[in-house]
Amino acid sequence: MSSNNIILAVPSANSSVNYDLPQNESAKLSFSPEDIDGLKLDGSGGLVISFVEGGQVTLTNFQTFIDNGNTLSLSGGTNV
């Protein structure tokens, strides 16, 4: 299965960004585990990534992405 490199900037403190993952291929994010303060699923199947610097990214279609057999990893190869 191919992998899509997704380069997203870490959002600034107190800001939030929504992003839809591509549905037909696995993805690798440009963030490292050291950048991330926490991960949680929201009530709509989105993955909320909270960063050490205070911003958030919500991968709005995360549950559907995973249910389709895709994988998501961070830079350095850590699987989410």
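These points concern strand 5 and its two neighbours in a predicted model.

1. Strand 5 covers residues 47–51. Its pairing with strand 4, residues 36–41, is antiparallel and runs over five bridges. On the other pairing, strand 5 meets strand 6, residues 56–59, again in the antiparallel sense, over four bridges.

2. The register between strands 4 and 5 can be read from two pairs. Leucine 41 has leucine 47 of strand 5 as its bridge partner, and isoleucine 36 stands opposite phenylalanine 51 of strand 5.

3. For the pairing with strand 6, one pair may be noted: valine 48 has threonine 58 of strand 6 as its bridge partner.

4. Both hairpins contain a glycine with positive phi. Between strand 4 and strand 5 there are five residues, and glycine 45 in that hairpin has a positive phi near 90°. Between strand 5 and strand 6 there are four residues, and here glycine 54 has a positive phi near 105°.

5. Is strand 5 mostly covered or mostly open, and how many of its residues are buried? Strand 5 is mostly covered, with five of its five residues buried.

6. Side chains in a regular strand alternate between the two faces of the sheet. In strand 5, Leu47, Ile49 and Phe51 lie on one side, while Val48 and Ser50 lie on the other. Both faces are covered, as the residues of either side are all buried. Leu47 and Phe51, named above for their partners in strand 4, belong to one side, together with Ile49.

Key:
Residues are numbered from 1 along each chain as its sequence is written. This is a predicted model: local features need pLDDT of at least 70, side-chain atom pairs count only at pLDDT 80 or more; totals for chains, interfaces and linings use all residues. Side-chain values use heavy atoms; hydrogens and water are left out. Two strands pair if DSSP finds at least two bridges between them. Buried means under 20% relative accessible area, exposed over 50%, partly exposed in between (1.4 Å probe, protein chains only).
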